[in-house]
Amino acid sequence: MGVVTNENINFNPKLYLLLVSLALLQVSFALASTQSLPESDSDELVELTWVYNGIRSVIGTAGFEAANREGSPPEFIHAYAGTYGILCYWSIISYDETLDTYTQTWCSLPRESVDIVRIIHEDLARFNLDKIVIVYSSTLVEVYDRQTRTLEYTFHTQKEEPTDAVMEDINDDGVPELIICWKSQVAVYDLTTGAELQNYSATAGIMCTGQMDDDPGIEVAVCRPFSGRSSIIDLTTGQTEWSYNNSMGDKIRSADIDGDGKDEVIGLHHSNSIA
């Protein structure tokens with residue numbers, strides 16, 4: 001093994017800035033965890049109770065999901081998309097009663113030549129399906145049993161480089177379908193057979209689903225972060241019910257926030273605003 005000297009180190013300014021930013025971020029977390037909170041009887045204060053970090057342990061860039069376990073603390077399922085020279089992987093963080101803390105209890109092998117776009121569990125748990133679905137940047141989709149961590153089956157979509165994925169029961173049969181979007185397309189897949197059920201043209205990048213109008217069907221809101229059109233598509237009829245000549249946000253979610261029985265779309269913008 002050669003000796004590392006100043007002469008044989010190739011300085012990478014982007015890597016240097018990244019390392020400095022990560023160091024400052026870790027220092028900020030350390031300072032935040034040691035600062036005392038003001039005394040208050042309010043339940044609104046959030047207390048930092050646990051921190052998980054380590055080298056090569058980037059968390060949640062392709063999804064961070066909670067899995068409830070009866071009689072036990074929940075476990076957390078996360079996926080790292082795969083950037084900065086680190087291969088993509090996914091792992092499970094569970095509560096260790098012996099150590100009295102959360103720790104990583106399972107980790108997949110790193111995958112080469114592909115990134116993870118989205119890992120999904122909570123959308124399946126709503127339908128009592130204890131599975132994990134992983135959508136890759138290729139056409140590959142994997143379905144795992146959550147408890148055993150074993151791969152049950154795979155199927156392929158029709159197009160590479162998807163940008164987002166969610167699951168929703170759009171035909172009211174009790175089994176959610178897999179909805180995937182690309183930059184200019186949205187498609188619906190049968191989770192059991194892998195068959196493509198629907199395909200729509202739309203300016204997309206990120207999305208969320210919900211009951212956004214008066215009819216019983218499920219809608220999907222799609223937009224391209226930072227710029228581009230936004231639209232809401234009825235997943236039963238395929239019709240575009242609403243469109244907007246700008247992005248709804250860098251991240252979007254749906255919820256009925258005014259109690260009218262219809263979901264609103266909440267957008268988080270990079271300009272430090274929520275709409």
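A disulfide here is a pair of cysteine sulfur atoms within 2.5 Å. By that yardstick, this predicted model comes up empty: zero disulfides turn up in the structure. Take Cys 181 as a case in point. Its sulfur has that of Cys 223 as the closest cysteine sulfur, but the gap is 9.0 Å, so the two are too far apart for a bond. Cys 181 is also tucked out of reach, being buried with a relative accessible area of 0%. Cys 88 is buried too, with a relative accessible area of 1%.

Cys 223 shows up again in the strand pairing. It sits in strand 14, where it stands opposite Ile 206. Strand 14 (residues 219–223) runs antiparallel to strand 13, and five bridges join the two. Both belong to an open sheet of four strands, ordered 13-14-15-16 and paired in antiparallel fashion. At the edges stand strand 13 and strand 16 (240–244); each has a single partner strand, so one side of each goes without a neighbour in the sheet. Going from one strand to the next, the twist averages 15 degrees. As a reminder, strands of a sheet pair through backbone hydrogen bonds, in either a parallel or an antiparallel way.

Another antiparallel pair is found earlier in the numbering. Strand 1 (residues 64–69) and strand 2 (residues 72–80) are joined by five bridges. Within this pair, Ala 67 has Glu 75 of strand 2 as its bridge partner. The two strands make a hairpin with two residues between them, and in the turn Gly 71 takes a positive phi of about 80 degrees.

Then there is the empty space. Rolling a probe the size of a water molecule over the atoms shows where such space is left. The second largest pocket comes out at a volume of about 610 Å³. It is lined by 30 residues, and those closest to its centre are Asp 123, Ala 165, Val 166, Met 207 and Arg 253. Several elements chip in with two or more lining residues apiece: strand 1, strand 5 (116–120), helix 2 (122–125), strand 9 (164–168), strand 13 (206–210) and strand 17 (251–255). Strand 1 of the hairpin and strand 13 at the sheet edge thus both reappear in this list. As for chemistry, the lining of this second largest pocket is a mix of twelve nonpolar, seven polar and eleven charged residues.

Note on methods. Residues numbered from 1 in each chain as written. Predicted model: local features only at pLDDT ≥ 70, side-chain atom pairs only at ≥ 80, totals over all residues. Heavy atoms only, no water. Buried < 20%, exposed > 50% of the residue type's maximum accessible area, 1.4 Å probe, protein only. Pairing = 2+ DSSP bridges. 1 Å grid on protein atoms, 1.4 Å probe; cavity = no way out; pocket = protein on both sides within 12 Å on 5 of 7 lines; lining within 4 Å. Points joined across faces, edges and corners; volume = space filled by probe spheres on them. Nonpolar A, V, L, I, M, F, W, Y, C, P; charged D, E, K, R; others polar. Axes fitted to C-alpha atoms, helices over the stretch in contact; angles between N-to-C directions.
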